[in-house]
Amino acid sequence: MSASEAAPFAKTGGLADVMGALPAALAELGHHVAIVIPRYRAISLDGFDRVYDHLPVWLAGVSHRTEIFARQERGVTVFLVDCPPLYDRNGLYFSEGVDYADNHVRFAVLSRATLEIARRLFRPQILHCHDWQSALAIIYLHSTLSRDPTFLGLRTVFTVHNLGYQGRFARPALEEAGLDMSVFHPGALEFHGDMNLLKGGICFADAITTVSKGYARDIQTPEFGFGLDGLLRERSYALRGILNGADYSQWDPETDRLLPANYSARKLEGKLRCKQALLEEFGLPQEDMRRPLLGIVSRFTAQKGFDLLEEISEELAGEELCLVALGEGEPRYEDLFRGLAERHPGTVGVRIAYDNRLAHLIEAGADMFLMPSRYEPCGLNQIYSLRYGTVPIVRATGGLDDTVDTSTGFKFSEYSGAALMAAVRAALDVYANQDRWRALMRRGMAKDFSWKTSAAEYSALYASLLDRA
Ligand code: ADP
Ligand code: GLC
């Protein structure tokens with residue numbers, strides 16, 4: 001597998017959670033699995049061995065000198081591609097809100113190095129790439145490397161975690177990424193005159209997956225297809241949805257070591273201590289522990305639906321509740337949350353940051369979890385919330401719709417502030433009756449979204465591709 005992030009090494013969102021857990025779940029099923037990610041600045045080499053000294057990656061006549069490091073993690077070989085001029089930078093994808101101008105080269109090197117690792121260090125039968133950053137590995141196999149005997153019979157799977165990020169670059173990037181005109185046509189990478197790497201992955205992979213059944217349907221419609229719905233409909237025979245799992249070794253209130261107290265459906269007291277710690281953390285009043293506490297942990301982008309929160313913010317703050325939010329991203333939403341906290345001290349607490357410990361504390365300490373997403377391929381936080389007894393309030397879209405139902409949470413369909421507010425009010429009504437509320441919490445906590453089932457689905461997909469060989 002190749003991807004741009006993997007927990008616990010480098011993470012900005014759910015892709016890292018998947019890369020941290022799915023390979024291990026596949027290894028438990030008996031597969032030999034290796035993953036390849038870039039060695040970013042924040043990744044320490046502790047425990048890694050240098051396994052290849054000078055792996056040359058040639059792109060457009062330029063040699064990128066890479067070194068490969070490896071270590072075992074939960075039964076999986078983790079390869080790091082070290083290339084300081086490309087990856088030794090502040091952010092994974094951008095700095096100060098601006099994408100690195102050479103991202104196509106950075107991820108071309110990741111993709112090309114993945115194939116060299118597959119040639120020299122770890123011979124797979126299946127190459128599984130995630131999102132546009134590693135799509136190029138599949139594209140090379142169908143263009144510049146199509147006659148390379150090493151890779152004959154290698155089957156490819158491409159997982160789309162988010163159609164909103166396509167890796168779209170102006171035409172000159174094609175050569176810089178080591179490609180030629182043979183793949184620059186509307187049936188391959190060309191997209192309105194630009195190069196589109198996600199599109200290339202979708203065109204060339206033997207199988208395409210996305211991270212929920214609902215989203216697999218959604219992306220075939222113009223509303224959620226980001227211009228690729230036609231292609232996805234055309235390739236629907238090769239496309240399927242496989243729901244992400246939750247990594248309960250990291251996300252379980254009974255064993256979570258990042259919490260001030262542990263708890264379970266049978267013994268809920270610890271959750272109250274987490275709530276207290278969370279209120280304290282945000283400087284919110286701790287006198288009335290019965291006051292419902294709503295939590296948000298999110299990348300701040302348009303996808304996540306916070307403009308709906310903006311619409312209802314005054315109404316919401318007028319209710320008897322507290323709201324805490326953790327996230328970072330687009331300045332527009334950072335300002336929105338900062339403004340909310342300033343206008344409603346004592347009710348709203350906000351932390352603009354990336355903070356894993358606090359993410360866990362919010363999952364545990366909040367009573368309700370808000371995800372009003374405009375679209376959501378899978379969404380992991382609502383799945384974690386269920387396990388933590390933190391009742392999710394979600395918009396019925398993609399993976400949110402597939403994982404939350406009326407017996408475990410609250411859903412609304414229309415993308416409007418009024419619909420969100422109605423769902424919040426419905427939740428507050430049930431919360432007022434603590435017996436009903438605890439029954440709702442316990443139903444959610446009893447749900448099992450462990451990786452086992454999803455890993456078995458991937459395993460069956462791989463087997464079907466090899467059968468076809
Ligand atoms: P997405 O991948 O679209 O961001 P998901 O719900 O699938 O959404 O996954 C988000 C993951 O990233 C979760 O593990 C969540 O806890 C984590 N996360 C998001 N923002 C932050 C943050 N500011 N601090 C810590 N963890 C975060
Ligand atoms: C993407 C999606 C999210 C999904 C995650 C992991 O970032 O936005 O819904 O859970 O990938 O697949």
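## Four-stranded sheet and its helices

Helix α4, made of residues 131-141, lies across β7 and β8 and runs at about 145° to β7. A second helix, α17 (residues 451-468), lies across β7, β8, β12 and β13, at about 145° to β8. These arrangements, like everything described below, belong to a predicted model.

The sheet beneath this description is open and has 4 strands in the order β7-β8-β12-β13, with parallel pairing. Its edges are β7 (126-130) and β13 (239-241); each has a single partner strand, so one side of each is left without a neighbour in the sheet. From one strand to the next, the twist averages 25°. Strand β8 (residues 155-160) and strand β12 (residues 207-210) run parallel and are joined by 4 bridges. In this pairing, F158 stands opposite I208 of β12.

## Three-stranded sheet

An open sheet of 3 strands has antiparallel pairing and the order β9-β11-β10. Here β9 (168-169) and β10 (190-191) stand at the edges with a single partner strand each, so one side of each is left without a neighbour in the sheet. Between β9 and strand β11 (residues 194-196), which run antiparallel, there are 2 bridges. F169 stands opposite M195, a residue of β11.

Helix α6 (residues 197-204) packs on this sheet and touches β9, β10 and β11. The direction of α6 makes about 55° with that of β11.

## Surroundings of ligand 1

Ligand 1 is surrounded by 21 residues, of which G14, D17, R299, K304 and A353 are the closest. By class, the shell around ligand 1 divides into 8 nonpolar, 7 polar and 6 charged residues. Several elements each supply at least two residues of this shell: α1, β14 (293-300), β15 (322-329), α12 (356-365) and α13 (381-387). The most comes from β14, with 3 residues.

Polar contacts to oxygen atoms of ligand 1 involve both backbone and side-chain atoms. A polar backbone atom of G14 is 2.6 Å from an oxygen atom of ligand 1. For D17, an N or O atom in the side chain is 2.8 Å from an oxygen atom of the ligand. L380 places a backbone N or O atom 2.8 Å from an oxygen atom of ligand 1. Taken alone, ligand 1 exposes 560 Å², and the protein buries 93% of that.

## Surroundings of ligand 2

Around ligand 2 there are 14 residues, and H161, N244, E376, C378 and G379 come nearest. The shell around ligand 2 consists of 6 nonpolar, 6 polar and 2 charged residues. Helix α1 (residues 14-28) gives the most to this shell, with 3 residues. Helix α1 is also among the elements that each supply at least two residues of the shell around ligand 1.

Which atom of E376 lies 2.5 Å from an oxygen atom of ligand 2? It is a polar side-chain atom of E376. The side chain of N244 has an N or O atom 2.8 Å from an oxygen atom of ligand 2, and a polar side-chain atom of N162 lies 3.3 Å from an oxygen atom of ligand 2. On its own, ligand 2 has 310 Å² of accessible area, of which the protein covers 93%.

How values were computed:
Residues are numbered from 1 along each chain as its sequence is written. Chains are lettered from A and ligands numbered from 1 in the order in which they are written. This is a predicted model: local features need pLDDT of at least 70, side-chain atom pairs count only at pLDDT 80 or more; totals for chains, interfaces and linings use all residues. Side-chain values use heavy atoms; hydrogens and water are left out. A residue is near a molecule or strand if one of its heavy atoms lies within 4 Å of it. A polar contact is a pair of N or O atoms within 3.5 Å; within protein, one must be able to donate a hydrogen and the other to accept it, and residues adjacent in sequence count only if both atoms are side-chain atoms. Accessible areas come from the Shrake-Rupley method with a 1.4 Å probe; for residues, only the protein chains shown count as cover. Ala, Val, Leu, Ile, Met, Phe, Trp, Tyr, Cys and Pro count as nonpolar, Asp, Glu, Lys and Arg as charged, and the others, Gly among them, as polar. Two strands pair if DSSP finds at least two bridges between them. Contact means heavy atoms within 4.5 Å. Axes are lines fitted to C-alpha atoms, for helices over the stretch in contact, and angles run from 0 to 180 degrees between N-to-C directions.
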